[in-house]
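Here's a quick briefing to read alongside the sequence and the 3D view. Have both open and follow along by topic.

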Amino acid sequence: MAASDTTTDESLYPIAVLIDELKNEDVQLRLNSIKKLSTIALALGVERTRIELIPFLTDTIYDEDEVLLALAEQLGSFTPLVGGPEHVHCLLSPLESLATVEETVVRDKAVESLRTISAQHSPSDLEAHFVPLVTRLASGDWFTSRTSACGLFSVCYPRVNPTFKADLRTHFRNLCQDDTPMVRRAAASKLGEFAKVVEVEFLKSDLIPMFVNLAQDEQDSVRLLAVEACVSIASILQQEDVEQLVMPTLRQCSGDQSWRVRYMVADKFTELQKAVGTDITKQDLVPAFQTLLKDTEAEVRAAAAHKVKDFCQSLDPYQREHIIMNSILPVVKELVADPNTHVKSALASVIMGLSPILGKHNTIEHLLPLFLTQLKDECPEVRLNIISNLDCVNEVIGIQQLSQSLLPAIVELAEDSKWRVRLAIIEYMPLLAGQLGVEFFDEKLNALCMTWLVDHVYAIREAATLNLKKLVEKFGPEWAQKTVIPKVLAMSRDQNYLHRMTCLFCINVLAEACGQDVTVKLMLPTVTAMAGDKVANVRFNVAKTLQKISPILDPVTISMQVKPVLDRLNGDTDVDVKYFASEAIAGIAGQEKH
């Protein structure tokens, strides 16, 4: 601290307070002071921030992890506060210390901030300050510093001279061969992004041998990260180089003894497909995909099954149908009867997408039997995934082909013992109704929709009322008058008061969808009659319903039919009924003013 600035120099005050707070026993106080760093730096000015604040922060990096995390984050946006790009290198020292601490989250944040400020260095500053930092971290005694170094190569490599570049490549190669698995893992995870900035000749001579080694590492956690790098490397190289340099390793990974590595290949499969091009896809990836779809581990089969549609979509259009019919579909047929529900569910979520690719004839002949098998699957998720993706099949073949076998599956789901399954099928009902058409719906599904209104679970009854509204919007008020409204109004005379309340909830949503005429003629008389119900819960819901439907009623109806009922309810013996009646009266009066 500058001792000469005695007297009551207020510019000293912020740093003094900061020192006090950073030495305080209370972690929260220390954390708060770190979060105010930018304010303190502004008060100090750029020179004193560089000379006093940054060295002080560098010396105090022995704290709780959350304080260090906040500090690492703050320093990433500190460049303007130390005087701009020409002085940015003074931030490297505290960030270097933070990049070596034990806690991974702090190190990662420090690396993130270092990557941010690397862009603000000039090439000469990168060579003078940043590259030496990367070198120190890469050759540090502790694995923590070496793992942090892995994330810094790609940001400085493109902007330094060839001598420094060669040095960086050597250090990266050493990290790829490090004794500690954590370091090799970090190097493998950053190999792809480093490959994108290295010149192609050095990519072939330096990085690809590292990639091959990492893909054969004794630790499967390292090998699976090499698969990610494979995507980046393959997308940079020419076709013949991919075949020669990358494919042997990829073939080996797709048959790796560890399921985690095979899972990663399956998960990245469509990205690999785009990177290697159509020729290699046909020659190598199609057989590999077949193998992954038949894998012994369910997780691998499920990951591959998720990719079926995207993989088929990206095949060469001229050979697509032939490849799917001869190589992919036979395996998919086996997966439909897979013993694992996750695999079947994953397949069911994408299999319908094959319809538009294969066309009407193939869909009817080959895919329909598979869809129908899945619609009868004992797992509700599989059946739901099929039903929710019906629209793309409908576009290709029309719903009539499906309807005969579709219906039993829908009825089964609608009566499933798990209420969440029933709820899900209700949500698909408007979609199905639109696809099946009004006649088919009335004949087969209308009764089902009415059954849900008296379900013993409230969430089902609530969803069923909203479902009715969507159906009326789809089929129109005339359809509602004929098929829905009579059944809803009949519920007002039900013995169970919950069903009588459901009648009111239905009227709440149907009034808006059906319009004024239908509401006044058909529904309002039922609501007003229910005002004399013996159950208070029903009576106060009558008040709520009258308020809800009043915006679509004409003033004469409100004054002649609605207000007298509400006035009567306002004098009810039950306090809740009185409360909701008075609320409704006030609400309607407010609407009339507007």
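A quick word on the repeat labels you'll meet below: UniProt positions are given in the numbering used here, feature names are shortened, and annotations may be inferred rather than shown by experiment. Keep in mind, too, that this is a predicted model.

**Overall build**

- Going by secondary structure, you've got 36 helices and zero strands.
- The radius of gyration comes out at 35 Å, well over the 25 Å that the globule rule gives for 594 residues, so the protein is more spread out than a compact globule.
- If you box up the C-alpha atoms along the principal axes, you get roughly 90 × 80 × 35 Å.
- Even so, 53% of the 594 residues count as buried.
- Looking at contacts with a separation of 6 or more, 68% are between residues 24 or more positions apart.

**The annotated repeats**

- The unreviewed UniProt entry carries the annotation "repeat: HEAT" for several stretches, including residues 168-206, 207-245, 246-284, 328-366 and 523-561.
- Take residues 246-284: this span is 85% helix and 0% strand, and its end C-alpha atoms sit 12 Å apart.
- For residues 328-366, the end C-alpha atoms also lie 12 Å apart, with the span at 79% helix and 0% strand.

**The largest pocket**

- How much space is in the largest pocket? About 310 Å³.
- Its lining is made up of 17 residues, and those nearest the centre are Asp 108, Thr 147, Ser 148, Ala 186 and Lys 190.
- Three helices each chip in at least two lining residues: α7 (104-118), α9 (143-150) and α12 (181-197).
- Which of them gives the largest share of the lining? That's α7, with six residues.
- By chemistry, the lining of this pocket is a mix of six nonpolar, five polar and six charged residues.

**A look at Pro 477**

- You'll find Pro 477 in helix α31, which covers residues 477-490.
- Is Pro 477 buried or exposed? It's partly exposed, because its relative accessible area is 35% and that label covers values between the 20% and 50% cut-offs.
- Leaving out residues up to four places away in sequence, Pro 477 touches Val 472, Ala 513 and Cys 514.
- Gln 591 is 114 residues from Pro 477 along the chain, and their C-alpha atoms are separated by 25 Å.

Key:
Residues are numbered from 1 along each chain as its sequence is written. This is a predicted model: local features need pLDDT of at least 70, side-chain atom pairs count only at pLDDT 80 or more; totals for chains, interfaces and linings use all residues. Side-chain values use heavy atoms; hydrogens and water are left out. On a 1 Å grid over the protein atoms alone, a cavity is a set of points where a 1.4 Å probe fits but cannot get out, and a pocket is an open set with protein on both sides within 12 Å along at least five of seven lines; lining residues have an atom within 4 Å of a point. Grid points are joined across faces, edges and corners, and a volume is the space filled by probe spheres set on the points. Helices (H or I, at least four residues) and strands (E, at least two) are DSSP runs, numbered from the N terminus. Ala, Val, Leu, Ile, Met, Phe, Trp, Tyr, Cys and Pro count as nonpolar, Asp, Glu, Lys and Arg as charged, and the others, Gly among them, as polar. The radius of gyration is taken over C-alpha atoms; the globule rule is 2.2 Å times the number of residues to the power 0.38. Buried means under 20% relative accessible area, exposed over 50%, partly exposed in between (1.4 Å probe, protein chains only). Contact means heavy atoms within 4.5 Å.
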